[in-house]
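Got your viewer open? Let's take a walk through this structure together, one selection at a time.

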Amino acid sequence: MHIKASAPGKVILFGEHSVVYGKPAIAVAVKKYAHITIKERVDLQINLEIMGLGVLASLNLEDETISCKNNRMETGILKYVLKALKLIQDKGPTKGMDILLEIEMPVGAGLGSSAAVTVATIAAANKYYETDLKLDEIAKLAHQVELEVQGAASPIDTTLSTYGGALYLGRNTNRIEKLPLNWELPLVIGHTPRESNTAELIKKVHSKMEEYPSIIYHIFKSMEQITEEARDALIEKNEKKLAELMNINHGLLDALGVNTPVLSEMVYAARETGALGSKITGAGGGGSIIAYCPVKIEEVLRKLQKIENAFKAHITYEGVCTNIKE
Ligand code: PMV
């Protein structure tokens, strides 16, 4: 038996970091996927390969260890697979498997690779172990995996990888609303390897918050207002306002200390080349930027590709899907 599951990545349009402090956020799922294929085994061994990277590993769910000779950045993703399998196996029978992982998006660049891998793993294992989890339970379990592996995480990434689409997460993420976006956002994503991970960047912002509480409080308040106004601008297709809000949001992320010289270079090069708005997306510290390009999208793409890596983002309205072949 072969089980395949695929889940999309995401970009955060507004609200990164402030969402950790209970403020709203807006994000969209993008057509870059993590695919996982599970092949049945008769023994209890769990083997894993990451396609195209020569990463071969074996996972031990008993003592939660990973043996892997390769020390590439992508191997960090295996912790999410291990934790996801561990949590789901606690609900079902013990069975070994061969796992093949294929990751289309750049790993660790703020584009939701870990959430996509986690959601796809849970969805595939759900079929394999016949645990009969519903979509909302998959999303919840995936968020728990991210929390356990990273220490801190909002449910944005895992929710988008599960359901796809464009989502608004209300205050304290107590309300998740599908945004009625009936137009294709012309976005370019520029990405660069990250120097620090999400958990470290969240900690960095937290230290700023402790050092300058009333200043940072007002930055988060402004970010909240930006997200609220951006929600309306997106629904009304108010392009000028949307772009301006992105630019203001970028300045505030810079003030939080999560910008880097390369991200800055990409953000301003995009605007000079014709993007109406551009900002960091995700935790920062390296990682990615988004450029909003109703005009000159090809020019912006080429410019960002000259500086680092870039691609055009297409929103997907489909979340995780699974496929079983006997
Ligand atoms: O891990 P990233 O780069 O997709 O960014 C996450 C965004 C944060 O708001 C910083 C953290 C979170 O979990 O929402």
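Which atom of the ligand does a polar side-chain atom of T198 lie 2.7 Å from? Select the ligand and T198 to find out: the partner is an oxygen atom of the ligand. Keep in mind as you click around that this is a predicted model.

**Stop 1: around the ligand**

Stay here and bring up H17, where a polar backbone atom is 2.9 Å from an oxygen atom of the ligand. Now add A283: one of its backbone N or O atoms lies 2.8 Å from an oxygen atom of the ligand. Turn on the surface, too. On its own the ligand exposes 380 Å², and the protein buries 95% of that. There are 15 residues around the ligand, and the ones that come nearest are K10, S154, R194, T198 and A283.

**Stop 2: a stacked pair**

Next, hunt for aromatic rings; the count comes to three aromatic pairs. Select Y21 and F220, which form a stacked pair, with 4.6 Å from centre to centre and 20° between the planes. Planes under 30 degrees apart count as stacked, so this pair gets that label. Zoom out and colour by secondary structure: Y21 is in the loop between strand 1 (2-14) and strand 2 (25-40), while F220 is in helix 6 (residues 213-236), so the pair ties together parts 199 residues apart in sequence. Is each ring buried or exposed? Y21 is partly exposed, with a relative accessible area of 26%, whereas F220 is buried, at 2%.

**Stop 3: a tilted pair**

Now pick Y128 and Y129. Their ring centres are 5.4 Å apart and the planes sit at 50°, so this pair is tilted. Y128 counts as buried, at 1% relative accessibility, and Y129 is buried as well, with a relative accessible area of 3%.

**Stop 4: M209**

Back to Y21 and F220, this time with M209 added. You'll find M209 in helix 5 (residues 198-211). Ignoring its neighbours within four places in sequence, M209 is in contact with Y21, I216, Y217 and F220. Then select L256: its C-alpha atom is 8.8 Å from that of M209, although their positions lie 47 residues apart along the chain.

**Stop 5: charges over rings**

Two more selections to go. Show R231 with Y168, and look for the charged end of R231 over the ring of Y168, 4.9 Å from the ring's centre. Then show K279 with F14: K279 lies over the face of F14, at 5.9 Å from the ring centre.

Methods: Residues are numbered from 1 along each chain as its sequence is written. This is a predicted model: local features need pLDDT of at least 70, side-chain atom pairs count only at pLDDT 80 or more; totals for chains, interfaces and linings use all residues. Side-chain values use heavy atoms; hydrogens and water are left out. Rings of Phe, Tyr and Trp (its six-membered ring) pair if their centres lie within 6.5 Å; planes under 30 degrees apart count as stacked, over 60 as edge-to-face and the rest as tilted. Helices (H or I, at least four residues) and strands (E, at least two) are DSSP runs, numbered from the N terminus. Buried means under 20% relative accessible area, exposed over 50%, partly exposed in between (1.4 Å probe, protein chains only). A charge sits over a ring if NZ of Lys or CZ of Arg is within 6 Å of the ring centre and within 35 degrees of the ring normal. A residue is near a molecule or strand if one of its heavy atoms lies within 4 Å of it. A polar contact is a pair of N or O atoms within 3.5 Å; within protein, one must be able to donate a hydrogen and the other to accept it, and residues adjacent in sequence count only if both atoms are side-chain atoms. Accessible areas come from the Shrake-Rupley method with a 1.4 Å probe; for residues, only the protein chains shown count as cover. Contact means heavy atoms within 4.5 Å.
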